[in-house]
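This report describes selected features of one protein model, moving from charged pairs to nonpolar groupings and then to backbone geometry. Please read it alongside the sequence and the coordinates.

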Amino acid sequence: MRFFVLTSWLTPLAILLPTLAALAQTPRLPTQAPGLEPAPLQTKQLAQDRPPVDTARIFSLQDLAELVFAYHPVVKQAALLSEDARSQVQQARGGFDPKLGSGFDRKLFGGTDYYNNWANELKVPIWPGGIDLKVGYDRMVGTYVNPEHRTPLNGLAIAGLSVPLGQGLLIDARRSTLRQAKIMVDAAEADQVKQINTIWLEATQAYWNWYFNYQQMLLIQEGVELAETRFQGTSRRAQLGDQAPIDSVEAQITVQDRLVQFAQLQVEQQNAGLLLSNYLWTKDGQPAELPAYAVPQLPTMRTVDSLTYEQLQDFAANRHPTLLKLDAKIRQLGVEVRYRRELLKPTVNVSGYLLSRGDFYRPEVPGYYDFGRDNYKVGVDFAFPLFLRKERGKLWQTRIKVQDATLEQQNSRRMIANQVSAKYNTLKAYERQLAVQEQAIVNQRILLQAELQKFELGESTIFLINARESKLIELRLKQESMRANYEKSLAELYYYAGTRTLGNE
């Protein structure tokens with residue numbers, strides 16, 4: 001007889017499926033049998049997503065971004081990388097600072113002025129050619145002063161240049177250091193972007209974990225309410241003799257099981273909030289706590305089309321922080337290679353200085369004591385290591401570093417492109433899975449509603465209703481998990497592309 005009733009019921013159900021699908025989003029109570037308590041249906045969380053009424057409680061992803069980028073210590077620490085690189089540039093510029101020097105020595109003994117030496121020099125490095133401009137004033141007089149260094153009583157003025165004709169003409173240590181320091185500013189800025197992107201990815205993942213735990217707690221909480229309502233209804237039916245008392249025991253077990261789950265999820269939700277609080281700081285540098293009443297926003301579920309994907313691939317190939325940093329490293333080593341090649345040249349320094357009496361500014365000074373082509377001092381320095389083993393070894397080592405950095409850049413470019421493609425494929429897979437999951441939830445709601453209607457007709461049991469409802473809760477939990485994972489994968493896609501996304505931007 002039961003088989004006949006079930007068979008006769010399935011035929012009209014197939015006809016009513018479109019109607020039930022429409023009612024699944026806004027379920028209604030079935031017609032109440034005379035003298036019986038209605039079986040409760042699913043409520044808002046199991047029916048559809050609804051944002052909280054009090055929008056002031058929502059702690060959005062944009063709110064998190066504003067706090068992280070403004071106050072997080074790691075973000076502030078990353079900003080110091082550029083400052084440190086610029087400080088190194090300033091230090092390198094110090095190699096071209098003019099230098100003023102002065103020295104005085106005098107010896108007087110036994111009434112004899114042994115020597116009275118006063119040497120002054122202003123040395124001004126000039127960027128092109130490694131030239132040094134030198135202006136000086138020397139006064140070296142006394143009984144025992146070396147005639148080579150002796151000057152007139154009024155001193156000797158010097159003005160001239162020192163020019164490297166061999167090693168150091170095209171590039172020297174000062175210019176090499178400055179150029180490398182400037183390049184390292186680009187490397188530091190790329191490293192800064194990478195660190196900020198990393199901390200934002202971690203914060204985003206913590207946020208969506210918090211969201212998922214919150215949705216789990218809501219769903220199980222509603223499951224507890226449904227099970228409690230069903231237990232009370234079943235108990236009243238059992239008291240009226242319309243239902244077996246054992247059904248109330250089974251309904252109570254469901255309540256107890258879901259209460260245990262809810263208690264566990266409450267702890268997990270609190271812990272997820274604490275983990276998210278790791279990224280919350282005040283403008284005074286003090287840790288901030290996520291309020292207990294705060295709730296997450298709903299996922300935006302922004303899709304990534306093929307055009308956006310191509311733009312991300314192009315960005316990853318040309319502007320990824322890792323690649324920019326490696327490019328800066330290669331350019332820095334290129335400067336080093338050029339400098340090491342320069343050291344293979346012989347050292348040939350030519351210096352020439354015009355001389356004049358120290359009081360050259362006086363009009364009565366004879367012209368042959370003034371600056372001119374007949375008053376000068378010249379010098380030539382030459383040095384050249386015969387085997388150049390040290391210089392050639394350093395050049396060899398630097399070229400190996402260039403090859404190593406180039407290979408690392410090639411490998412990183414390939415890995416980055418594949419990571420972006422993999423995350424894009426993951427997003428598209430989640431889109432398809434979410435569409436199927438949504439349909440599965442609709443169908444499960446239809447089954448649950450049909451089971452409830454059968455129960456009102458006396459053709460079902462509490463066990464089957466609980467099974468249908470538990471399956472619906474399971475499907476909804478899985479849906480929320482996929483939504484959270486979709487948002488995390490979206491953040492990872494932008495991260496692997498070398499950039500980041502803020503909320504709906």
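Which residues are linked with Asp-132 in a network of salt bridges? In this model, which is predicted, the network joins Lys-123, Asp-132, Asp-172, Arg-174 and Arg-175.

**Charged pairs and networks**

Asp-132 belongs to strand E4 and, having a relative accessible area of 13%, falls below the 20% limit under which a residue is called buried. Its side chain is joined to that of Arg-174 by a polar contact of 3.4 Å. When residues up to four places away in sequence are set aside, Asp-132 touches Lys-123, Val-124, Pro-125, Gly-160, Leu-161, Ser-162 and Arg-174; Lys-123 and Arg-174, both in that list, are also members of the salt-bridge network.

Side chains of opposite charge can pair when their charged atoms come close. The structure holds 22 salt bridges, and three of them are set out below with the distance between their closest N and O atoms.

| Salt bridge | Closest N and O atoms | Citation |
|---|---|---|
| Asp-191 and Lys-325 | 3.6 Å | |
| Lys-428 and Glu-431 | 3.5 Å | |
| Glu-480 and Arg-476 | 3.0 Å | |

The pair formed by Asp-191 and Lys-325 connects helix H5 with helix H8 (residues 321-342), and it therefore ties together parts that are 134 residues apart in sequence. Asp-191 is buried, at a relative accessible area of 18%, whereas Lys-325 is partly exposed, at 38%.

The other two pairs in the table each sit within a helix. Lys-428 and Glu-431 lie 3 residues apart in helix H9 (residues 389-456), so about one helical turn separates them, and Glu-431 is partly exposed, with a relative accessible area of 24%. Glu-480 and Arg-476 are 4 residues apart in helix H10 (residues 462-496), which is again about one turn of the helix, and both residues are buried.

Helix H8 also contains Glu-342, which counts as buried because its relative accessibility is 4%, under the 20% limit. Leaving aside residues up to four places away in sequence, Glu-342 touches the residues Gly-166, Gln-167, Gly-168, Leu-169, Leu-170 and Ile-171.

**Nonpolar cores and a surface patch**

In soluble globular proteins, nonpolar side chains tend to be buried together. Which residues of the largest nonpolar core touch the most other members? Of the 25 residues in this core, they are Phe-59, Leu-64, Tyr-207, Trp-210 and Leu-276. Helix H3 (61-71), helix H4 (73-93), helix H5 (173-240) and helix H6 (245-277) each contribute at least two residues to the core, and H5 gives the most, with 10 residues.

Trp-210 can be followed individually. Not counting residues up to four places away in sequence, Trp-210 touches Phe-59, Gln-269, Ala-272, Gly-273, Leu-276, Leu-290, Ala-294, Val-295 and Pro-296. A second core, separate and made up of 17 residues, includes Leu-323, Val-420, Tyr-424 and Leu-427.

A nonpolar grouping is also found on the surface, where Leu-100, Leu-122, Ile-126, Leu-133, Val-135 and Leu-161 form a patch with about 480 Å² of accessible area together. Strand E3 (112-126) and strand E4 (131-141) are the elements that give two or more residues to this patch. Ile-126, one of the patch members, is placed in strand E3 and is partly exposed, at a relative accessible area of 31%. Leu-161, another patch member, is among the residues touched by Asp-132.

**Positive phi angles in loops**

Where do the residues Met-301 and Leu-388 lie? Met-301 is in the loop between strand E6 (295-296) and helix H7 (306-319), while Leu-388 is in the loop between strand E8 (376-383) and H9. The phi of Met-301 is near 55°, a positive value in a residue other than glycine, and Leu-388, likewise not a glycine, has a positive phi of about 55°. As for accessibility, Met-301 is partly exposed, at 25% relative accessibility, whereas Leu-388 is buried, with a relative accessible area of 12%.

Notes:
Residues are numbered from 1 along each chain as its sequence is written. This is a predicted model: local features need pLDDT of at least 70, side-chain atom pairs count only at pLDDT 80 or more; totals for chains, interfaces and linings use all residues. Side-chain values use heavy atoms; hydrogens and water are left out. Patches are made of residues with over 30% relative accessible area and no salt bridge: like charges are joined within 9 Å, nonpolar side chains (Val, Leu, Ile, Met, Phe, Trp, Tyr) within 5 Å. Accessible areas come from the Shrake-Rupley method with a 1.4 Å probe; for residues, only the protein chains shown count as cover. A salt bridge is a side-chain nitrogen of Lys or Arg within 4 Å of a carboxyl oxygen of Asp or Glu. Buried means under 20% relative accessible area, exposed over 50%, partly exposed in between (1.4 Å probe, protein chains only). A nonpolar core is a set of buried Ala, Val, Leu, Ile, Met, Phe, Trp, Tyr and Cys residues joined through side-chain atoms within 4.5 Å. Contact means heavy atoms within 4.5 Å. A polar contact is a pair of N or O atoms within 3.5 Å; within protein, one must be able to donate a hydrogen and the other to accept it, and residues adjacent in sequence count only if both atoms are side-chain atoms.
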